[in-house]
Amino acid sequence: MTQKEINMILNKTMDCFNNYSVVEVYAHIQAYRRALTKESNSKVSFSEALDCYINDVFQPVMIHLTENKILKHIVKECGLSYAYLIITECLMDSKKLTRDEYLSKVSFRTEDIKKKIAA
């Protein structure tokens, strides 16, 4: 991980993460990059993977975190970046998932977190 890549992540996520959490986000992006590479059968640059990750994963999760009343509770308790990492942790359990599998796991994890908070 280079400083340039860290800066790219921080810039694209509007400085949502600190130096510790950006490392975890970087790992998520690299896993997503592998899925994109496998899907396209061609090398995907970090910049391309970051753009796809922001559109496909980051923005949808952030919308849920900021608009859903139940998920707002976890944001209030833990902070936005930590809440984001809780939901996206499912991305780290396998580095061999397809892009569609990543997206469905993010969606499932968001619903799972809402149910646990509501209980």
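What share of the contacts in the chain with a separation of 6 or more comes from residues 24 or more positions apart? In this predicted model, the share is 57%, where a contact means heavy atoms within 4.5 Å. Local features are described only where pLDDT is at least 70 and side-chain atom pairs only at pLDDT 80 or more, whereas totals for chains, interfaces and linings draw on all residues. Residues are numbered from 1 along each chain as its sequence is written, and side-chain values rest on heavy atoms, with hydrogens and water left out.

The overall architecture is a good place to begin. The chain contains six helices and zero strands, giving the pattern α-α-α-α-α-α along the sequence. Helices here are DSSP runs of H or I with at least four residues, strands are runs of E with at least two, and both are numbered from the N terminus. Of the 119 residues in the chain, 41% are buried. Buried stands for under 20% relative accessible area, exposed for over 50%, and partly exposed for values in between, with a 1.4 Å probe and protein chains only. The chain exposes about 6800 Å², and carbon and sulfur atoms supply 54% of that area; accessible areas come from the Shrake-Rupley method with a 1.4 Å probe, and for residues only the protein chains shown count as cover.

Helix α3 offers plenty to look at. It spans residues 46-67, 22 residues in total, and its first and last C-alpha atoms lie 29 Å apart, close to the 32 Å expected at 1.5 Å a residue. The expected span is 1.5 Å times one less than the number of residues in the helix. A kink of about 45 degrees is centred on I54, the bend at a residue being the angle between axes fitted to the seven residues ending there and the seven starting there. I54 is also among the buried residues of α3, together with F46, A49, L50, Y53, V57, F58, V61, M62 and L65. As a reminder for reading such a list, an α-helix has 3.6 residues a turn, so residues three or four places apart point the same way.

Several residues in other helices help to place α3 and its neighbours. E5, in helix α1, counts as buried because its relative accessibility is 15%. Leaving aside residues up to four places away in sequence, E5 touches Y26 and F46. The C-alpha atoms of E5 and Y26 are 8.2 Å apart, with their positions 21 residues apart in sequence. A31 belongs to helix α2 and is buried, since its relative accessibility is 1%. From A31 to A49, the C-alpha distance is 9.5 Å for a sequence separation of 18 residues.

Further along the chain, helix α5 (residues 80-88) is mostly covered, with seven of its nine residues buried. These are S81, A83, Y84, L85, I86, I87 and T88. A83 can be related to L71 of helix α4 (residues 69-78), as the two are 12 residues apart along the chain and their C-alpha atoms are separated by 8.4 Å. L71 itself is buried because its relative accessibility is 0%.

Aromatic side chains are worth a look too. The structure holds five aromatic pairs, and F17, F58 and Y84 form one aromatic cluster. Rings of Phe, Tyr and Trp (its six-membered ring) pair if their centres lie within 6.5 Å.

The loop between α1 (3-12) and α2 (19-40) includes M14, and D15 is found there as well. Most residues other than glycine have a negative phi. M14, however, has a positive phi near 55 degrees, and D15 has a positive phi of about 55 degrees. M14 counts as exposed because its relative accessibility is 67%, and D15 is exposed because its value is 57%.

Which cysteine counts as buried, at 17% relative accessibility? That residue is C16, while C52 is partly exposed because its relative accessible area is 26%. A disulfide is a covalent bond between the sulfur atoms of two cysteines. With the criterion of cysteine sulfur atoms within 2.5 Å, the count comes to zero disulfides.

Conventions. Rings of Phe, Tyr and Trp (its six-membered ring) pair if their centres lie within 6.5 Å; planes under 30 degrees apart count as stacked, over 60 as edge-to-face and the rest as tilted.
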